[in-house]
Amino acid sequence: MDHFNYRDGQLYAEDVSVAEIAASVGTPFYVYSTATLVRHFQLFDDALDGMDHCICYAMKAASNQAILKTLGNLGAGMDVVSGGEYRRALSAGIPPEKVVFSGVGKTLEEITFALQNGIRQFNVESDSELEQISSIAASMNKIAPIAIRINPDVDAQTHEKIATGKAENKFGIPISRARDVYSKASQMPGISVVGIDLHIGSQLTDLEPFKEAYQKLADLTQVLRQDGHKIKRLDLGGGLGIPYEKNKSAPPLPEEYGKMVRKVLGHLDCEIEIEPGRLIVGNAGILVSSVLGVKNGDNRNFLILDAAMNDLIRPAMYDAYHDIIPVKQPSSPQAETVYDVVGPVCETGDTFAKKRKMPELSESDLVAFRSAGAYGAVMSSEYNTRPLIPEVMVNKNKFSIIRKRPSYEEIIYRDIIPDWLE
Ligand code: LLP
């Protein structure tokens, strides 16, 4: 459920007309609903009610500080994967003891900075990283809380580019090596083992792979405890999918996920940590764009938008489906046309949808890409020297720009022409 609905023939974000925002900020732009964000966070919180838990929002999905602050105010922690994300979390007022540092490779500067400022835990992905964290922490007279990310070799049954839990993927330490690595970690200076971590992939539409991985995690917890390690926290990663296509069966809800977690891991008396990104912000954001024109090709009609692959790369990168709806509600009956929906970038890959049946549209009509809140704005670029598009946040009848569109001067004058170049 989200808070983007038609009202009096116009698409609204909560109580604000999307056309009104477009008139004020210009297209294209992203707009997020506070109410949807809050609702999705609370769904997870309720799903884990009664279990000691921490929801560490994976900010890689959408890292605008207004989003982080909204979630932080609800008690969210953050999952970060770079020094930049760590700084964003702190800058949005998230206490460092609620910030988890994940990621396959961390630089010495990132580890040092996080140790200086405080961290809930490092999710360690390799032996060499464990050694680096140990030596940095010891040299600073600090103790680094760590969990080791294990790779459970489970097929997440998702797009191959976002599956992370198979042995062939670059993530984590093979579960078969876990006992050795934990034993090593427990003897290292500057290291305190607090738990185990895993994350098997993103946009999972079935609970089975989670269950399989969590069962392995439960078994490993027992084994490591028998080995004398204090495993008090289990980080289950993120990955629960969202419904992108109306007519496809919907992925399981947080409530069902919570029930499964309780069943498989509830008896271990561990704090449960989860790192959802997409499910919290995905349906809380839309991308709004204008029609530049319609071009009739050979047997096809191209609907050319002012948004492009640099603004929303998911269709080009993962063949992802996004529902595209007109901002002005189609009257019924309304003529429908089949469009190839494209952006202005000079690549055939700059195609949002092929052979999509949509209400007939014409120049300057507004359209909205639904479910664009996760991995939308954060993955955008300035390819073709197209400015990063604004982000707007709505709360009931208020809206604010939360990231402004840069001027062309700001973009172009970042380049430095060497003084030896005439
Ligand atoms: N934790 C870790 C360690 C992760 O790597 C990720 C996502 C998450 C949590 C959050 O997963 P989520 O709940 O959002 O599924 N750009 C791709 C998705 C990449 C996901 C990367 N890792 C897309 O647009 O589909």
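These legends walk through four close-up views of a predicted model. Residues are numbered from 1 along each chain as its sequence is written, and side-chain values use heavy atoms, with hydrogens and water left out. Because this is a predicted model, local features need pLDDT of at least 70 and side-chain atom pairs count only at pLDDT 80 or more, while totals for chains, interfaces and linings use all residues.

**View 1. The ligand and its shell.** Here 18 residues surround the ligand, where a residue is near if one of its heavy atoms lies within 4 Å. The closest are S202, E275, R278, R314 and Y375. By class, the shell holds six nonpolar, six polar and six charged residues; Ala, Val, Leu, Ile, Met, Phe, Trp, Tyr, Cys and Pro count as nonpolar, Asp, Glu, Lys and Arg as charged, and the others, Gly among them, as polar. Domain 1 (4-31 + 282-412) and domain 2 (34-280) both give residues to this shell, so the ligand lies between them. The domain bounds come from an automatic or database domain assignment.

**View 2. Polar contacts to the ligand.** A polar contact is a pair of N or O atoms within 3.5 Å; within protein, one must be able to donate a hydrogen and the other to accept it, and residues adjacent in sequence count only if both atoms are side-chain atoms. A polar side-chain atom of E275 sits 2.6 Å from a nitrogen atom of the ligand. Look also for G239, with a backbone N or O atom 2.9 Å from a ligand oxygen, and for G277, with a backbone N or O atom 2.9 Å from an oxygen atom of the ligand. Taken alone the ligand exposes 590 Å², and the protein buries 91% of that (Shrake-Rupley method, 1.4 Å probe).

**View 3. Aromatic pairs.** A search of the whole structure finds nine aromatic pairs: rings of Phe, Tyr and Trp (its six-membered ring) with centres within 6.5 Å, called stacked if the planes are under 30 degrees apart, edge-to-face if over 60 and tilted otherwise. The rings of Y30 and Y32 have centres 6.5 Å apart and planes at 10 degrees, so this pair is stacked. For Y214 and Y257, the centres are 6.2 Å apart and the planes at 75 degrees, so that pair is edge-to-face. Ring pairs link F44, F210, Y214 and Y257 into a cluster.

**View 4. The H40 side chain.** At 5% relative accessibility, H40 counts as buried (under 20% relative accessible area; exposed is over 50%, partly exposed in between; 1.4 Å probe, protein chains only). A polar atom of its side chain lies 3.3 Å from the backbone oxygen of I280.
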